[in-house]
Amino acid sequence: MTQRKQVHSPRRHLPLFSSPDPLRPIAFRMGRSISLAEVREDVGRFAASLPASRGFLVNLCEDRYLFLVAYCAAIARGWTNLLPPTRAQHVVDQVAGTHVGSFQCRDAAVVGALSGEPSDLAIPTEVGGDHVAMIGFTSGSTGVPQAFPKQCWSLAGATARSSAAIRARLSGRFGDARPWIVATVPPQHMYGLEMSILLPALGDMAVHCDRPMFPQDVAGALADVPEPRVLVTTPVHLRVLSESGIRFPDTALIMSATAPLDAGEAASAERAFHSTLLEIFGSTETCALAQRRTAIDEPWHLRQGAKLEPGEDGTVVEAPWLPGPVNLQDVIELVSEGQFRLRGRNSDLVEVAGKRASLGDLTRRLSSVPGVIDAAVIQLDPVSSGVRRIAALAVAPGLTAPQVLARLRNLIDPVFLPRPLILVASIPRNELGKLPRQSVIDALARVQREDDRH
Amino acid sequence: MPAPQTPAENELAELLVESLNLEDLRPEDIDPEGPLFGAGLGLDSIDALELALAISKRYGLQLRSDDDANRRIFASLRALAGHVQLHRAA
C-alpha cells in the first residue's frame with residue numbers, strides 16, 4: 001500500500017473566537033445566556049491568574065463554561081490544555097507528571113479568578129495557527145494511553161467541517177438560526193470537546209453549560225435553550241432517554257458517538273425526541289471524520305476534503321485538517337465517492353488456528369443470540385502453547401453458559417467459540433460506554449477466582 | 001450484620017438488584033446506610049442511569065441531578081428510599 005505524503009501548512013494566525021460579534025450568545029449558564037463579550041472578559045480574568053511562563057493546563061473543569069474559559073485562557077497565554085482520558089487521580093498525575101510545568105485546574109480555580117475585577121491583560125484576538133491548543137489522550141481501548149497534540153489550525157479546520165455537517169441537516173427547517181448544544185458527555189473527551197467547546201468557540205453555535213444526567217435533567221436543559229436544539233450524547237445515555245417515557249422538547253438533531261449504535265436504537269431515539277440522529281465516526285487522532293443517519297442505515301458520509309484509502313488491516317486517512325496521513329485500525333469499504341461502510345476494527349481482527357475474524361463481528365453474533373442482552377468479546381494473551389483464545393462476557397438472564405454456547409455454535413466457526421464464556425450481571429463499561437480490554441480481563445479473572453473458591 | 005431494612009427499603013433493594021442485574025447480591029444484604037456508589041456497592045454513573053430508569057417505571061418518579069441534593073439522595077439505600085417515598089407519584 002502506498003502512502004502519499006500530504007502535509008498542510010498551518011495558517012499563520014487564527015482568531016481565538018471565530019465569530020467576532022461580541023453580542024452573540026455563546027453559552028447558557030445558571031438561568032441566563034452569556035455573550036461572547038462576557039466570555040472574553042472572563043477569559044481575561046482567568047488568563048491573568050496564570051503565570052506568564054508557558055505551561056500545561058490540566059483542564060479538569062466539570063462546569064462546561066469554566067472549562068471553556070480555562071481552555072481559551074490557556075491558549076491566549078500560549079499554554080496548552082491537557083485532557084486526561086479520565087479524572088482518576090493516578091491518571092491525572094501521570095499525565096501531569098510527563099509534562100513539565102503543568103497546573104491542575106479544577107472548577108474552583110476558575111470560579112476564584114472570575115470573582116475578581118476585570119483584568120488589564122490584553123486578550124489577543126488571534127493566536128498562532130501552529131500553537132498546540134490541546135493534547136488529547138486515547139482512552140486505552142486499544143492499548144496504552146497515547147498523547148495526541150492538536151494545533152489551532154487543525155482544530156479550526158475540523159470544527160468548520162463539523163459545523164457545516166450540522167448546519168446541512170438543520171438548514172431546511174431552521175435556516176441560519178443559531179444551533180444550541182446540550183451535551184451529556186464531558187468536555188475532556190475529544191468528541192465532547194469538539195461538539196460542546198469548539199463549536200461554540202470556533203464556530204458560532206452556543207452551548208448549555210450543564211452536563212445533564214437523568215432523563216428529567218436532559219429534558220430540563222433542552223427546555224432552557226431555544227431551537228434548533230442539538231443533543232450531544234452516547235448510546236448508553238440514549239437508550240435510557242428513549243425508554244424513560246418522558247416528553248422531551250423537540251430536538252432538531254441528536255449526535256451520538258463513542259460506541260456503535262444500531263438502527264433500532266437510533267430510530268427509538270428519533271421518535272422520543274422528534275429528531276434526526278447523526279452518528280459520528282471519529283477518533284482522538286482524526287477528530288470527527290464522518291457521520292451517518294443510523295436509523296435508515298445510511299453509509300457513512302465523509303467530511304468535506306477527507307480521503308480514505310482502505311487497506312486489508314486498516315485505513316489511511318488524509319484530511320485537510322490533519323498534518324499528515326493517519327492510520328486507523330478500522331477496516332472500511334468504500335461505497336461511493338465520499339461514502340463508506342465500516343467492516344470492523346483491526347485491533348479487532350483476530351487469528352485463531354489460522355482463521356481470521358473480527359472481534360466486532362463476534363460480539364455482534366454473540367449479542368444476536370436470543371436471550372443475550374449485552375456481550376463483550378476479547379482475545380486473551382497467548383498461553384504456553386502460543387494460542388490466543390477468544391474469551392467473552394455475556395449478560396443473559398435466565399440462560400446458562402452452555403445454553404448460550406450451544407446457540408452460538410450455529411453462528412460462528414468453532415475455533416472462535418469463547419473459552420471461557422462467562423455470564424455476568426453487567427458488562428464493565430466506563431462512563432463513556434467504552435470497554436477497555438483490561439476491564440474485561442479483570443472481570444473474567446474475578447469470576448474465575450470466585451468459581452475456584454466454590 | 002447490616003442494619004435492618006424497612007419494607008420500603010427492601011422493595012427498593014429488590015428493584016436495585018433486579019434492574020442492575022446484581023445477581024450475586026441478595027436485596028436483604030444491602031446495608032441501608034452503606035454507600036451505593038464508589039467504595040460501597042461499587043455502582044457507577046451508568047448504574048445510576050439504569051436505576052433512575054427503573055425507579056421512574058416502578059414509582060413514576062423522575063430523578064433529577066440539578067443540585068447537590070442528588071449526592072445526598074444517592075448516598076445510601078435509606079436516603080434513596082426516603083426520597084422515593086416522599087416524591088413518588090400518588
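Here is a friendly walk through this predicted model, told as questions and answers.

User: How many helices and strands does chain A have?
Analyst: Happy to start there. Buried residues make up 45% of the 454 residues in chain A. Among contacts in chain A with a separation of 6 or more, 62% are between residues 24 or more positions apart. As for the elements themselves, chain A has 12 helices and 26 strands.

User: What distance separates the centres of domain 1 and domain 2 of chain A?
Analyst: The domain assignment places domain 1 of chain A at residues 13–298 and domain 2 at 353–453. Taken over C-alpha atoms, their centres are separated by 35 Å.

User: Which helix of chain A gives the most residues to the largest nonpolar core?
Analyst: The largest nonpolar core has 127 residues. Those with the most contacts inside this core are A:Ala27, A:Val69, A:Ala70, A:Cys72, A:Ala73 and A:Ile181. The helix that gives the most to the core, with 12 residues, is H2 (residues 64–76) of chain A.

User: And how many residues are in the other core, which lies apart from it?
Analyst: That other core includes A:Ala357, A:Leu393, A:Leu421 and A:Val424. Its total is 24 residues.

User: Which residues does A:Ala73 touch, leaving out those up to four places away in sequence?
Analyst: A:Ala73 is one of the residues with the most contacts inside the largest nonpolar core. Leaving out its sequence neighbours up to four places away, A:Ala73 touches A:Val43, A:Phe46, A:Ala47 and A:Leu50.

User: Why is helix H7 of chain A described as largely enclosed?
Analyst: The cover over the buried residues of H7(A) includes strands S2 (25–29), S10 (180–183), S11 (206–208) and S12 (229–233), along with helix H8 (235–243), of chain A. The buried residues include A:Pro215, A:Val218 and A:Leu222. Helix H7 (residues 215–224) is largely enclosed by the rest of the structure because its buried residues number 8 of the 10.

User: Strand S12(A) is part of that cover; which of its residues point the other way from A:Arg229, A:Leu231 and A:Thr233?
Analyst: In S12(A), 5 of the 5 residues are buried, so this strand is largely enclosed by the rest of the structure. In a regular strand the side chains alternate between the two faces of the sheet. Here A:Arg229, A:Leu231 and A:Thr233 point one way, and the residues pointing the other way are A:Val230 and A:Val232.

User: What is the bridge partner of A:Leu231 in strand S13(A)?
Analyst: S10(A) and S12(A) run parallel and are joined by 4 bridges, with A:Val182 opposite A:Leu231. S12(A) also pairs in the parallel sense with S13 (residues 253–256) of chain A, over 4 bridges. In S13(A), the partner of A:Leu231 is A:Ile254.

User: Which strands stand at the edges of the open sheet S17-S18-S19 of chain A?
Analyst: This sheet has 3 strands with antiparallel pairing. S18 (residues 315–318) and S19(A) pair over 3 bridges, and A:Thr315 stands opposite A:Leu328. Two strands have a single partner strand each, so one side of each is left without a neighbour in the sheet: S17 (307–310) and S19 (326–328) of chain A.

User: At what angle do helices H1 and H4 of chain B pack?
Analyst: B:Ala8, B:Glu9, B:Leu12 and B:Ala13 are the H1(B) residues that meet H4(B), where they face residues including B:Leu77 and B:Val84. The axes of H1 (residues 7–19) and H4 (residues 77–87) are 9 Å apart, and the angle is about 105°. That makes the two helices of chain B roughly perpendicular.

Note on methods. Residues are numbered from 1 along each chain as its sequence is written. Chains are lettered from A and ligands numbered from 1 in the order in which they are written. This is a predicted model: local features need pLDDT of at least 70, side-chain atom pairs count only at pLDDT 80 or more; totals for chains, interfaces and linings use all residues. A residue is buried if 20 or more other C-beta atoms lie within 10 Å of its own, exposed if 12 or fewer, and partly exposed in between; C-beta atoms are placed from the backbone. Two residues are in contact if their C-beta atoms, placed from the backbone, lie within 7 Å. A nonpolar core is a set of buried Ala, Val, Leu, Ile, Met, Phe, Trp, Tyr and Cys residues joined through C-beta atoms within 7 Å. Two strands pair if DSSP finds at least two bridges between them. Domain bounds come from an automatic or database domain assignment. Axes are lines fitted to C-alpha atoms, for helices over the stretch in contact, and angles run from 0 to 180 degrees between N-to-C directions. Angles under 35 degrees count as roughly parallel, over 145 as roughly antiparallel, 65 to 115 as roughly perpendicular and the rest as oblique.
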